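Colleague: Could you take me through the backbone oddities in this one, the unusual phi values and peptide bonds? I'd like one stretch looked at closely, in plain words.

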Amino acid sequence: MKKFYQFTLAIAIMFALLVSLSHLAVAQKVNIKGGPLKEKDWLTNPAEAALNEDHSDNKNWITKYYGPDGNYENNGGFAASAPKDLIDEGTKGKLTQESLSTIEGLKLTLTVDVGWDKGHGGPRGWEVFEIDPADSHHMNRGGPGDSIDTYGIIVIKADQAMKAVMSPAHDDHAQIWINGEKWYNNSLWTGAALQVDYNIEVDLQKGGNVVLYRCGESGGDAYMNLHFDDKTHETVDIYPDKAKDQKSFFDEAAGALAVDPVGKLATTWGDIKRK
Ligand SMILES: [Ca+2]
Ligand SMILES: [Ca+2]
Ligand SMILES: [Ca+2]
């Protein structure tokens, strides 16, 4: 009998070890915590050392965004454009980068377009666009490949307030806002389309969360990629999902964008457009 218990104990210990080892294998190092960024750091690069992690095996890279239906062009290089709020510029102050990354601001895109002048790509409406994360030039979107800025939005619907870890890969200057706050600024390209230098812990609120991802490009490769930790992808819904245009995006995300108490999710694209 004693032998049997020893054997069981040994098996239990081995199992526990295996479980903890397998967790170690998939864990990504979180090297930025304590956000959002304070205003004085909005354009400061992370102080932490770059991780140079290869995330090419990750299955959760975002492939669809909602955003202006073309890039801002002739940006003068990302160093010159990064400090400029091109959303503010294009909407004459009706929207800013901060307000666009809120539910109310996102809904304004149903009636407010981006009026960039001819020299910067011209007027833009809003669309759902798809990117291939592995393509290191995917920011081109059929237009010029250099001196451009791309804006992409996703909506994350969470059942409860939670911590999530976001992992961006970008070339060149990335800036990310969530729910009106800036959480990430890094002017240095990560090194490859699926290489991550910073895993950033962020706060998601219960209900809809708006993530605004901006990437500024000077020359060479131009990509903007993002995924979250596995647990987050398992527990939240992310939009655009099946949407192909503005209407279907607002329709499928309506539940996440309703300001009404949970259970009263009648808001649709048509309702918002009428208001
Ligand atoms: Ca790197
Ligand atoms: Ca380029
Ligand atoms: Ca580049």
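Modeller: Let's start with a yardstick: a residue is buried if 20 or more other C-beta atoms lie within 10 Å of its own, exposed if 12 or fewer, and partly exposed in between, with C-beta atoms placed from the backbone. Bear in mind that this is a predicted model, where local features need pLDDT of at least 70, side-chain atom pairs count only at pLDDT 80 or more, and totals for chains, interfaces and linings use all residues. Residues are numbered from 1 along each chain as its sequence is written, while chains are lettered from A and ligands numbered from 1 in the order in which they are written.

Now the loop between helix 1 (2-26) and strand 1 (53-54), which holds Pro36; helices (H or I, at least four residues) and strands (E, at least two) are DSSP runs, numbered from the N terminus. Gly35 and Pro36 are joined by a cis peptide bond, with omega about 5 degrees. Asn52 sits in the loop between helix 1 and strand 1 too, and its phi is positive, near 50 degrees. Asn52 counts as exposed because it has 11 C-beta neighbours inside 10 Å. For background, most residues other than glycine have a negative phi, and most peptide bonds are trans.

Elsewhere, Arg141 also has a positive phi near 50 degrees, in the loop between strand 6 (126-130) and strand 7 (148-158). With 19 other C-beta atoms within 10 Å, Arg141 is partly exposed. Another cis peptide bond links Tyr239 to Pro240, omega about 5 degrees, and Pro240 lies in the loop between strand 15 (237-239) and helix 7 (246-252).
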